[in-house]
Amino acid sequence: GNTTVLSSSPSGGTWTSGTPTVAIIGSSSGIATGVLAGVTTITYTLPTTCISTRVLTVDPNPAPITGSSGVCVGSTTLLSETTPGGTWSSSNIAAGSVNSSGLVTGVALGTFTISYTLGTGCITTATVTVNSLPSAITGTLSVCVGGTTTLTDASGTSTWSSSNLGVATIGSGTGIVSGISAGT
């Protein structure tokens, strides 16, 4: 997918790729574009039929970055990459940072790009959005078995869940907690 510019003199020659499935090249521009990982021979032919050749290696791109594309301010999410030997970087460390293991930390609201770059210069990227934390949960934080209580947060748009459905359930969109058994 990347390009490189080749040149030769005198000008006026024609460029060709020996294996267009690996790399293509503009016949007059000398701009080679990698198509598939591999090796091809690039030929520069003058009108006098004199030629010059060069081997061009097309390196593979890293695998796609996987993991969550969202993180909250002050929280972390782990991105992963299966191609070894690359380095992680963030396009905007004011919004979010990434360490050498792919752990992304949300710093401030916004969107930024995480890059994973191999030593060959081949790169893959992922966009990460830093979201605000939900507001504090309010309401009565205890309930009797068989009873209900309502929890709220200032946004009013939260999705609720219970970490222990054997103790209490909560309506996903309502915040209504139902006591099931004694516990936390």
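**Exercise 1. Find the neighbours of Thr124 in this predicted model, and decide whether Thr124 is buried or exposed.**

*Solution.*
Step 1. Set aside the residues within four places of Thr124 in sequence; the contacts that remain are Pro62, Ala63, Pro64, Ile65, Glu81, Ile114, Ser115 and Tyr116.
Step 2. Place the residue: Thr124 belongs to strand β13, which covers residues 123–131.
Step 3. Look up the relative accessibility of Thr124, which is 13%. Buried means under 20%, so Thr124 counts as buried.

**Exercise 2. Work out the strand order of the open sheet that contains β1, β4 and β3, and say which strands stand at its edges.**

*Solution.*
Step 1. Start with β1 and β4: they run antiparallel and are joined by 3 bridges. Within this pair, Val5 stands opposite Ile31 of β4.
Step 2. Go on to β3 and β4, which also pair in the antiparallel sense, over 3 bridges. Here Ile25 has Ala32 in β4 as its bridge partner.
Step 3. Put the pairs together: the 3 strands form an open sheet in the order β1-β4-β3, with antiparallel pairing.
Step 4. Read off the edges. β1 (3–5) and β3 (23–25) each have a single partner strand, so one side of each has no neighbour in the sheet.
Step 5. Add the twist: on average, neighbouring strands of this sheet are turned by 20° against each other, with direction ignored.

**Exercise 3. Describe the hairpin of β3 and β4, and sort the residues of β4 by face.**

*Solution.*
Step 1. Look between the two strands: the hairpin has 5 residues there, and Gly30 takes a positive phi near 75°.
Step 2. Now follow β4, residues 31–34. Ala32 and Gly34 make up its covered face, while Ile31 and Thr33 make up the uncovered one.
Step 3. Link this to the pairing. Ala32, on the covered face, is the bridge partner of Ile25; Ile31, on the uncovered face, stands opposite Val5.

**Exercise 4. Show how β14, β15 and β16 are connected by bridges.**

*Solution.*
Step 1. Take β14 and β16: 3 bridges join these antiparallel strands. In this pairing, Thr148 has Ser178 in β16 as its bridge partner.
Step 2. Take β15 and β16: they run antiparallel too, joined by 3 bridges. Ala168 is matched with Gly179 in β16.
Step 3. Check the turn. β15 and β16 form a hairpin with 5 residues between them, and Gly175 in that turn has a positive phi of about 80°.
Step 4. Sort β16 by face: Val177 and Gly179 are covered, whereas Ile176 and Ser178 lie on the uncovered face.

**Exercise 5. Locate Asn164, and classify its exposure.**

*Solution.*
Step 1. Find its place in the chain: Asn164 sits in the loop between β14 (148–150) and β15.
Step 2. Use the relative accessibility of 33%: Asn164 counts as partly exposed, because partly exposed lies between under 20% and over 50%.
Step 3. Consider Gly183 as well. Asn164 and Gly183 are 19 residues apart in sequence, and their C-alpha atoms are 9.0 Å apart in space.

**Exercise 6. Describe the largest pocket and the second largest pocket, with their linings by class.**

*Solution.*
Step 1. Begin with the largest pocket, whose volume is about 520 Å³. It is lined by 26 residues, and those closest to its centre are Leu141, Leu151, Ala168, Val177 and Thr184.
Step 2. Ask which elements give two or more residues to this lining: they are β15 (168–170) and β16 (176–179). The largest share, 3 residues, comes from β15.
Step 3. Count by class: the lining of the largest pocket holds 13 nonpolar, 13 polar and no charged residues.
Step 4. Turn to the second largest pocket, with a volume of about 330 Å³. Of its 19 lining residues, Asn2, Gly34, Val58, Asp59 and Cys122 are the closest to its centre.
Step 5. Name the elements that give two or more residues here: β1, β4 and β6 (51–58).
Step 6. Count by class once again: this second lining has 8 nonpolar, 10 polar and 1 charged residues.

Terms used:
Residues are numbered from 1 along each chain as its sequence is written. This is a predicted model: local features need pLDDT of at least 70, side-chain atom pairs count only at pLDDT 80 or more; totals for chains, interfaces and linings use all residues. Side-chain values use heavy atoms; hydrogens and water are left out. Two strands pair if DSSP finds at least two bridges between them. Helices (H or I, at least four residues) and strands (E, at least two) are DSSP runs, numbered from the N terminus. Axes are lines fitted to C-alpha atoms, for helices over the stretch in contact, and angles run from 0 to 180 degrees between N-to-C directions. On a 1 Å grid over the protein atoms alone, a cavity is a set of points where a 1.4 Å probe fits but cannot get out, and a pocket is an open set with protein on both sides within 12 Å along at least five of seven lines; lining residues have an atom within 4 Å of a point. Grid points are joined across faces, edges and corners, and a volume is the space filled by probe spheres set on the points. Ala, Val, Leu, Ile, Met, Phe, Trp, Tyr, Cys and Pro count as nonpolar, Asp, Glu, Lys and Arg as charged, and the others, Gly among them, as polar. Buried means under 20% relative accessible area, exposed over 50%, partly exposed in between (1.4 Å probe, protein chains only). Contact means heavy atoms within 4.5 Å.
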